[in-house]
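Here's a quick tour of a structure for you to follow along with. Keep the 3D view open while you read, and look up each residue as it comes up.

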Amino acid sequence: RLTNGWLPRAVNVDLQTDATLQVDISDALSERDKVKFTVHTKSTLPNFKQNEFSVVRQHEEFIWLHDSFVENEEYAGYIKLQKLGEGEGSMTKEEFTKMKQELEAEYLAIFKKTVAMHEVFLCRVAAHPVLRKDLNFHVFLEYNQDLSVRGKNKKEKLEDFFKNVVKSATDVDDFFEHEKTFLLEYHNRVKDASAKSDRMIRSHKNAADDINRIASSLYTLGTQDSTDLCKFFLKVSELFEKTRKIEARVAADEDLKLADLLKYYLRESQAAKDLLYRRSRALVDYENANKALDKARAKNRDVLQAETSQQLCCHKFEKISESAKQELVDFKTRRVAAFRKNLVELAELELKHAKVPFQRHSSDTTILNIE
Amino acid sequence: QSASEPASLPAEDISTNSNGPKQDSLFDDDPEDLFAEATEEVSLDSPERDVLLSDGPSPAITPITPPTSVLTPRIGLHDDMFTHSSFDEVKIEEEEGGDSFDIHISVSDPEKVGDGMNAYMAYKVTTKTSISLFKSHEFSVKRRFSDFLGLHSKLASKYLHIGYIVPPCAGKKHWMTKVKVGKEDQSSNEFVEKRRSALERYLMRTVKLPVLLKDPDVLQFLESSELPRAVSTQALSSAGLLRMVNKAAEAVNKMTIKMNESDAWFEEKQQHFENLDVQLRKLHASMESLVLHRKELSVNTAQFAKSAAMLGNSEDHTALSRALSQLAEVEEKIDQLHQDQANADFYLFSELLGDYVRLITAVKGVFDHRMKTWQKWQDTQMLLQKKREAEAKLQFNNKPDKLQQAKDEIKELEGKVEQGEREFEQISKTIRKEVSRFEKERVKDFKTIIIKYLESLVQTQQQLIKYWDAFLPEAKAIS
């Protein structure tokens, strides 16, 4: 059970939470095969019956909420929220049980990640000027019965539209040009960094496992040996066990603060790219509508229809451009804040672990030098 | 006694002297005779004398092709620590004198000699000592790998079968395996350094045995500017080694003697070394795994550092971009830290364990030799018994000529039985002393080296603190 005590306030500081709507996960209870999140809301909005209330939600219900946003046409102009539970955040029932039975610390680390992910998702929604007003979201927060949603299995396929976009479409807007170039490169780099950080952390965990085995062997030697080395081996075994704990925690923290950060922004940058794709598509539609209108006017046939269509496309394109611009600016702000927070915390944790006195040199060497 | 030289030997002065122990008259005339313990007279021609080499084939030269440039061994952070750690001084405690002497041997300057197929690595062996056995206080010679193996071969053939725990020297097979498995090539700095370090430890362990220190072969190895090429007369192929092991096992099976008091000590010790062997091998394997993973961690950290730098480059927020570059720098420094720690893991801890796994094999061999000595004595005794019975029969049947022959044979056998008993008692006595010495050394070795290793861990931690301390303000500066 994880309670309010250790969960950091404002998990993702890039999302400004204001008094009108504050959402957090105040409690998380891991049962045999599922996790129950307590979603706690504080709000002065008139939409809610009370100013403060909590409900219990499971993972499937988060997915339901997420999917409802994705399917909503109205929200096409926003960077799509990241899908929850793809890979590292959630686990299968078997993995969960196994984790619990084995190393509690590792389990705790993974559990932390899961809860953090879900909370980030909610805070994103709560901070978003439009999404926070979504009815489904309010239902999710307030309705204290099961939402009885069935798990959905959606596959989102997105084409690499840039290659197909006719470059003649004069995209004179420098902002979007820059964003396009920037995002392409940034996304690739973040992808690489994410993969490399994963590998680095994996090696770290492997080393910790070896140290674990070494500590055990030393312990056995300590109980078996007939010489002065008995006590010595036992003491050294203790020290190795301490080292192992440190290494394991370093790896876990690097995972949480660095690897997860990079993964998150890998997906965010992909989502931003997708937004640009959608804008480009809208642009193409608009240009095609223009051409169709010209044709219609020339033939003086179905002009009204063509005009309506063109106006619709224009409107859609302008709307998407406007929201996209804001989204991309916000993306930068959020990104910078998130990196700052996580890098600072990473450094602080690394320092904390490095400073653990696993060998107080003078006192320990006298113990070790037993004659 | 000398075998035919392999064709690929370089054209150097090859003397085809026998490689038996030299009768060093200089030593015999020494009035002081500092080492009072009697040297067992070794009969070189004894056919039962077996040779235990640690592993590997003959000391014949295997052609190697390291690069032509003089290789400087890779010097890790704790170069001095690794090999000189527990060997800072060898104090030979004189049993009856109380004087102590010191000796320090270093193996350095690996250098490729010759070209192509005939090329080999030569090492400089420097001895610094105040022991009067030696002609001077500081001197150097050049030796090649086969010289080391040759020395070990000679010492093993002289001393193992009488109960001395002769330190093994990792043979060619060991190094070949390393090359195959470890993806290292013989020319890599790391491989050269590993071998250099191993040879140095081998020599230091060897001179720690008083009986070996004064051995003429050892003295010659350390002092002589020219060394006769090691030939493979006593080389043991792996087949030969297997034969020897099987024979020892047979001897043990035939042993039906009831264990008396003194034997209980041997039984107990044998069991102790069996257990120790199992545990040390396990520990060694785990340690080797750690070395591997730590090296992987170093490589992966370096790769991540580069990746983070690239990310920083493409980041268009200036402060964040700078912070990411700083992160990349920190990670780069940390990857070097991991590399250094991996070296400490290896040279301090892992090699210590590897050495002791090999040493314990030698210990077990010595116990086996005792068994065989006992067996030989028993066999001779049984033979004597048979001869006596035969003599009685001859006497009964009144065959005077054969009788005399029988009596002569019996006389000879009685002598052999006495000798067999003496040899058995001697080897038992030697082993007791040797095991006691060995255990003392083991305790000292492990304590000294492991403490040094733990210090390396502390050092690494302290470096980490420095690096992250420097980075933290950079991260906070992002706005």
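A residue counts as buried when its relative accessible area is under 20%, as exposed when it is over 50%, and as partly exposed in between. With that in hand: in chain B, 54% of the 479 residues count as buried. One thing to keep in mind is that this is a predicted model.

**The two chains**

- Chain B has eleven helices and three strands. Walk along its sequence and you get the pattern α-α-β-β-β-α-α-α-α-α-α-α-α-α.
- Chain A has eight helices and three strands. From its N terminus, the elements go β-β-β-α-α-α-α-α-α-α-α.
- Out of the 371 residues of chain A, 51% count as buried.
- Now look at contacts between residues with a separation of 6 or more. In chain B, 79% of those contacts involve residues 24 or more positions apart, and in chain A the figure is 74%.

**Where the chains meet**

- How many residues does each chain bring to the contact? Chain A brings 63 residues and chain B brings 55 residues.
- The size of an interface is often given as the accessible area lost when the parts come together. Here, chain B and chain A bury about 5300 Å² between them, with 70% of it on carbon and sulfur atoms.
- There are five salt bridges between chain B and chain A. Among them is the one from B:R442 to A:D225, where the closest N and O atoms are 3.0 Å apart.
- Polar contacts also link the chains: 16 residue pairs count, both residues being at pLDDT 80 or more.
- On the side of chain B that touches chain A, helix 9 (261-314), helix 10 (318-397) and helix 11 (400-476) of chain B each supply at least two residues. The largest share comes from helix 9 of chain B, with 23 residues.
- Sorted by class, that side of chain B has 28 nonpolar, 16 polar and eleven charged residues.

**A:H204, a residue to zoom in on**

- You'll find A:H204 in helix 5 (residues 174-224) of chain A.
- Is A:H204 buried or exposed? Its relative accessible area is 6%, so A:H204 is buried.
- Setting aside neighbours within four places in sequence, A:H204 is in contact with residues of both chains: A:E247, A:V250, A:A251 and A:E254, plus B:L297 and B:H338.

**Helix 4 of chain A**

- This helix covers residues 135-142, and its buried residues include A:F137, A:H138, A:F140 and A:L141.
- Why do the buried residues line one face of the helix? Looking down the axis of helix 4 of chain A, they fall within an arc of 155 degrees, so they line one face.
- At the N-terminal end of helix 4 of chain A, A:D134 acts as a cap. One of its side-chain oxygens lies 2.8 Å from the backbone nitrogen of A:N136.

**Salt bridges across the structure**

- Over all chains, a search of the whole structure finds 48 salt bridges.
- A:E268 and A:R124 meet through their side chains in a salt bridge (3.8 Å, N to O). A:E268 sits in helix 6 (residues 229-299) of chain A and A:R124 in helix 3 (residues 104-127) of chain A, so the pair ties together parts that are 144 residues apart in sequence. Both A:E268 and A:R124 are buried.
- A:E268 also forms a salt bridge with A:R334, with the closest N and O atoms 2.8 Å apart. A:R334 lies in helix 7 (residues 303-354) of chain A and A:E268 in helix 6 of chain A, so this pair ties together parts 66 residues apart in sequence. A:R334 is buried too, as is A:E268.
- In chain B, salt bridges that share partners join B:R201, B:R205, B:K208, B:E351, B:D355, B:R358, B:E441 and B:D445 into one network.
- For a pair within one helix, try A:E177 and A:K180, whose closest N and O atoms are 3.4 Å apart in a salt bridge. Both lie in helix 5 of chain A, three residues apart, about one turn of the helix.
- An α-helix has 3.6 residues a turn, so residues three or four places apart point the same way.
- A:E177 has a relative accessible area of 25%, so A:E177 is partly exposed, whereas A:K180, at 16% relative accessibility, counts as buried.

Note on methods. Residues are numbered from 1 along each chain as its sequence is written. Chains are lettered from A and ligands numbered from 1 in the order in which they are written. Side-chain values use heavy atoms; hydrogens and water are left out. Contact means heavy atoms within 4.5 Å. Buried area is the accessible area (1.4 Å probe) that two parts lose on being put together, summed over both. A salt bridge is a side-chain nitrogen of Lys or Arg within 4 Å of a carboxyl oxygen of Asp or Glu. A polar contact is a pair of N or O atoms within 3.5 Å; within protein, one must be able to donate a hydrogen and the other to accept it, and residues adjacent in sequence count only if both atoms are side-chain atoms. Helices (H or I, at least four residues) and strands (E, at least two) are DSSP runs, numbered from the N terminus. Ala, Val, Leu, Ile, Met, Phe, Trp, Tyr, Cys and Pro count as nonpolar, Asp, Glu, Lys and Arg as charged, and the others, Gly among them, as polar. Buried means under 20% relative accessible area, exposed over 50%, partly exposed in between (1.4 Å probe, protein chains only). The arc is that of the directions from the helix axis to the C-beta atoms.
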